[in-house]
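Hi,

Here is the structure I promised to pass on. Have a look at it first, and then read on for what turned up.

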Amino acid sequence: MYYAIIIVSVLLFGGSFYCKDVYRQMRGSSMLISMEYSFIGALVGLITLVIINGMMIEYTTFSLIMALASTINGFAFTFCTFKALKTINLSLYSLFSMLGGMLLPFIQGILFFGEEFTVAKFICVMLIVLALILTIEKGKRKNGTIYYIGIFVLNGMSGVISKIFVSAPFEKVSSAGYSILTAICSLVLSLVFFLILRKKDGNVEKITPASITVGALSGVTNRIANFLLIIALAHVDASVQYPMVTGGVIIVSTLISLFGERKPSKKEVLSVVVAFLGLLLLFAIPE
């Protein structure tokens, strides 16, 4: 059941990433637009999660601290993303981002939470790493080591923070309650940053209903996907869940690109095959 939840989450992430790219094409990719996007997504996501949670907003001090940490980490990741994309191409950015998102929670689960290190997990991770490397395209590269490290660590910290929340022995809210607190933190901070940036740059094209719809759809699918991962993380090892998520996103994003203007290359198709093989072996090889 919980593996099915992870698969649904991966599908939602794929849809969210697609909508985010559409929003970027419609509105641009400045930091101001990023805060605008974050605010819309957080607002719609918050409303949706409150409804899912029976119109309740839960609270504990530990949960709020973790939600705030998760939000600050997300904004730091966004900052590094904008800086990194000025020095490296998109494929190299994706490599560092997804490797961090998979490897840090994987290592954390094994070293600090007693999760078993198996041959199946090792082979799966190595094949997904290979799948990610296959997606790299040649492009202009400048010095930007600090941003490579930033996107690797910060994207990985997203899973690390979630694992700490789920496993820590402190009084905490439910998975939905935690997702709601995270959405509230994101809503407040994105609004503050948006207003600050808007004062510096007021020359922004007026937002359209279509843009709002795309941003809202991206935000709500992303919030629900993360909510589902929190639920699954209480029952599935991080060293299993995050390789599944990374491999799954590779597959889903490539399949989605089949219906867009830019068709996947032969190397990208091969990366999907390798990632799928890695996920298959994760469950096929006995522990």
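Which residue forms a salt bridge with Asp 21? The partner is Arg 24, and the closest N and O atoms of the two are 2.7 Å apart. Before we go further, keep in mind that this is a predicted model.

In general, side chains of opposite charge can pair when their charged atoms come close. Asp 21 and Arg 24 sit 3 residues apart in helix H1, which covers residues 2–27, and that spacing is about one turn of the helix. How covered up are they? Asp 21 has 30% relative accessibility, so it counts as partly exposed. Arg 24 also falls in the partly exposed class, because its relative accessibility is 41%.

The count of salt bridges comes to 4, and I'll walk you through two others. One of them joins Arg 27 to Glu 36, with the closest N and O atoms 2.8 Å apart. Are these two residues buried or exposed? The cut-off you need here is that buried means under 20% relative accessible area. Arg 27 counts as buried because its relative accessibility is 11%. Glu 36 is buried as well, since its relative accessible area is 10%.

The next one is a salt bridge between the side chains of Asp 237 and Lys 121, at 3.5 Å from N to O. Asp 237 lies in the loop between helix H8 (209–233) and helix H9 (238–257), while Lys 121 belongs to helix H5 (residues 119–134), so this pair ties together parts that are 116 residues apart in sequence. The two ends get different labels: Asp 237 counts as partly exposed because its relative accessibility is 30%, whereas Lys 121, at 4%, counts as buried.

Now for something without charges. Which residues make the nonpolar surface patch of about 500 Å²? They are Ile 107, Leu 111, Phe 112, Phe 113 and Ile 164. Helix H4 (residues 90–112) gives the largest share of this patch, with 3 residues. Ile 107 is a good one to click on: this residue lies in helix H4, and it counts as partly exposed because its relative accessibility is 41%.

If you want a quick tour, try this order:

- Start in helix H1 with Asp 21 and Arg 24.
- Go on to the pair of Arg 27 and Glu 36.
- Then find Asp 237 and Lys 121.
- Finish at the nonpolar patch, which includes Phe 112 and Phe 113.

Cheers

Conventions. Residues numbered from 1 in each chain as written. Predicted model: local features only at pLDDT ≥ 70, side-chain atom pairs only at ≥ 80, totals over all residues. Heavy atoms only, no water. Helix = DSSP H or I, 4+ residues; strand = E, 2+ residues; numbered from the N terminus. Buried < 20%, exposed > 50% of the residue type's maximum accessible area, 1.4 Å probe, protein only. Patch = residues over 30% accessible without salt bridge, like charges linked within 9 Å, V, L, I, M, F, W, Y side chains within 5 Å. Areas by Shrake-Rupley, 256 points an atom, 1.4 Å probe, with all protein chains shown as cover.
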